[in-house]
Amino acid sequence: MSVIRKFVTIVAADCVGFSKHMLDNEEKTLFSLNACREIIDTFISKHGGRIFHTAGDSVLSEFPSTVEAVNCAINFQDAIHERNLSISDESGDKKLIFRVGIHCDDVIVEKDNIYGNGVNIAARLEAQCVPGQILVSRIINEKVKSQIEAITHAAGTKKLKNISSDFEVFTIMTSNTDHIVDDQSEVADDNINKLKKPNLCVLPFKNMNMNDDSSFLVDGIFEDILTELSMVRQLSIVSRQSSINFVNSDTKRENFIDQFNINFLAEGTARTAGNKVRITISLIETETEDIKWSQKFDRSLDDIFDVQDEIVRSVVRMVLGEIELVSLQRAKRKPTENMSSYEYLLKGKEMHHQFSKDANAEALEMFDKAIESDPNNAQAYAWKACTLGQAFARNYINDTFEELSPIWDTLISTAIKIDPNDFECHRLLSAVYSGTKKFNLSLEHGKKAYDMVPNDPRILQQYGEALLKTGQTTEGCDLTLKALEYDPVPQGQINSNKRKSDAVFACFMDDRIDLGLELAEQISELSVRDILYATGLAVSKTGGVDDYPWLQEAIKASDQNAFADIINDMKNIDLVIYNTLLQVYNETILAPSE
């Protein structure tokens, strides 16, 4: 099949802070966006351009004339500026600001779509542009500087993400836009504390009972304490699953400590008898093997939440000193005052963690009993939704996604209504919205879960994915790598392939080429998804896969038709990445086999 190419000028425009505007007021934002799009679309048509891609708040258009393309951008930026001046704070309208990037190059035409470096560079220039202004490449500046009224200013060189070369760039400013500063840009949250935080590991409590009938309760106490500690931002926490894997393995204690760089180790025992519970716990500083703190608690089960809080506060005080634990608000997060409901909840979670069809069915039964015992047990609804998700993903049930969706919606919305602070609900909602491609909502709920529990690897991965899919790739990659660090073999998995696969995707999205290739090579069974992103990383580094025999073998063994859906899914996430993957597939994956 012959490839159609042509030389065009690409204009990429995008609304600044659109996600935050939508969270603030969805109706006003959509009304204003439609008004701005009418301005932009009208000027594109007037100047002889054609829109070939739009994702709501972003527009990509092509122009046969570079001068017309630049004049178009100047005109619609001025018009949007004038519109914003006319909007009062009391009106039912929103002031929206756009960034624009412009580049001209040879592009590939595929039906109504255009892809290639011309598109990629324009889109990346837009991302680097000061809100309200226009950023162009050197070639654009040379073509138009003597033919437009606006003034061009040299803006140095910029490294454009997923583009191999540094680019000399120029800003085009008019009398309306030369005073605009970056006060409306989306400032990423400081999601990662760059200072070294103490790394704490809590080992599963030893069950001192003569039988296993109370194992669910002992495990539940351990898991609740770990969750509470995971809410403390000043700590790094080794995941529940990593701790369990160590206890169930032959790994030497010192090797486990070295692997996770553990500074403090908490371990204990638990014994239950009727309504009584005895918990003994010690905190050890790993470097010296000194016991920093140790205590025994003899209480009734009705006081178990108070015991958990006391343990958490004591551990944190010994590790961090006297700090205010604003995150600990047990009264708001206590799942239930009904101990029968609490015990059913813990039994359900124990069954959920076993990852078998029979255990999954029993877990659902336990959550139903927990809800029956206390209809206001928010966590029971959330965990039932999670367990149904497990049943669907692992083919334990025959229900379709369409059949389960309203059940999930009811369970999660009920849980959120009972307890808006239930992080599990927000984690699940983030995952559901990601699966249905509602990425802004996935981001909203992922952030809420992360703000509550910043050390849970499930949340780190889920929120990281939401960030990656909404353009905040540095923060998203950091969190995804942190999930791999805390929890290399996640719950329900037999190796680290899943976490490393997520990390390869994150490294590809954030242009961390060497690390992404290193992680991809470590994956024992590369999926089609892994192969695609690893190939993209290899092409970025060396222009092909000749230096990576392990990747060549994986490409040869892969199903060539399985890449299409993965590539198409990227179209509404990042058009540059979509174009890059399409090019990688056609020129590196598909070409050798033809």
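Which backbone oxygen does the side chain of Arg271 reach at 3.0 Å? Select Arg271 together with Met208: the side chain of Arg271 reaches the backbone oxygen of Met208 at that distance. The model on display is a predicted one, and the tour below starts from this arginine.

**Stop 1: Arg271**

Arg271 is placed in strand β12. With a relative accessible area of 39%, Arg271 is partly exposed, because this value falls between the 20% limit for buried and the 50% limit for exposed. To display the surroundings of Arg271, add Met208, Asn209, Lys276, Val277 and Arg278, which Arg271 touches when residues up to four places away in sequence are not counted. Next, select Phe205 and draw a C-alpha to C-alpha distance to Arg271: the two are 9.7 Å apart in space and 66 residues apart in sequence.

**Stop 2: strand β9 and its partners**

Select residues 199-202, which form strand β9. In a regular strand, side chains alternate between the two faces of the sheet. In β9, Asn199 and Cys201 point one way, while Leu200 and Val202 point the other way. Every one of these four residues is buried.

Now add residues 236-237, strand β11, which runs parallel to β9 and is joined to it by two bridges. Here Leu200 stands opposite Ile237. Then add strand β12, residues 264-273, which pairs with β9 in the parallel sense over three bridges. In β12, the residue opposite Leu200 is Phe264.

**Stop 3: Leu200 and the nonpolar cores**

Keep Leu200 selected and show its contacts. Leaving aside neighbours within four places in sequence, the contacts of Leu200 include Leu229, Leu235, Val238, Leu265, Leu283 and Val315. Leu200 is also one of the residues with the most contacts inside the largest nonpolar core, which has 59 residues. Phe205, Leu229, Ile279, Ile304 and Ile311 are the others named in that group. Apart from this core lies another, of 54 residues; to find it, select Ala122, Ala503, Met509 and Tyr548, which are among its members.

**Stop 4: strand β3**

Select residues 58-63, strand β3. Is this strand enclosed or open? Six of its six residues are buried, so β3 is largely enclosed by the rest of the structure. Both faces are covered, with Ser58, Leu60 and Glu62 on one side and Val59, Ser61 and Phe63 on the other.

Add strand β1, residues 4-15, which runs antiparallel to β3 and is joined to it by six bridges. Strand β2, residues 50-54, is also antiparallel to β3, with four bridges between them. Val59 is a useful residue to label: Ala13 stands opposite Val59, and Val59 is the bridge partner of Thr54 as well.

**Stop 5: His352**

Move to helix α11, residues 339-352, in which His352 lies. His352 is buried, with a relative accessible area of 4%. The side chain of His352 makes a polar contact with the side chain of Thr387, at 3.0 Å. Beyond four places in sequence, His352 is in contact with Ala363, Trp383, Cys386, Thr387, Gln390 and Gln491.

**Stop 6: two cysteines**

Finally, consider the cysteines. A search of the whole structure finds zero disulfides. Select Cys104 and Cys72: Cys104 is in no disulfide, and its nearest cysteine sulfur, that of Cys72, is 15 Å away. Cys104 is buried, with a relative accessible area of 2%. Then select Cys129, which is in no disulfide either; the nearest cysteine sulfur belongs to Cys15, 13 Å away. Cys129 is buried too, at a relative accessible area of 5%.

Definitions and conventions:
Residues are numbered from 1 along each chain as its sequence is written. This is a predicted model: local features need pLDDT of at least 70, side-chain atom pairs count only at pLDDT 80 or more; totals for chains, interfaces and linings use all residues. Side-chain values use heavy atoms; hydrogens and water are left out. Buried means under 20% relative accessible area, exposed over 50%, partly exposed in between (1.4 Å probe, protein chains only). A polar contact is a pair of N or O atoms within 3.5 Å; within protein, one must be able to donate a hydrogen and the other to accept it, and residues adjacent in sequence count only if both atoms are side-chain atoms. Contact means heavy atoms within 4.5 Å. A nonpolar core is a set of buried Ala, Val, Leu, Ile, Met, Phe, Trp, Tyr and Cys residues joined through side-chain atoms within 4.5 Å. Two strands pair if DSSP finds at least two bridges between them. A disulfide is a pair of cysteine sulfur atoms within 2.5 Å.
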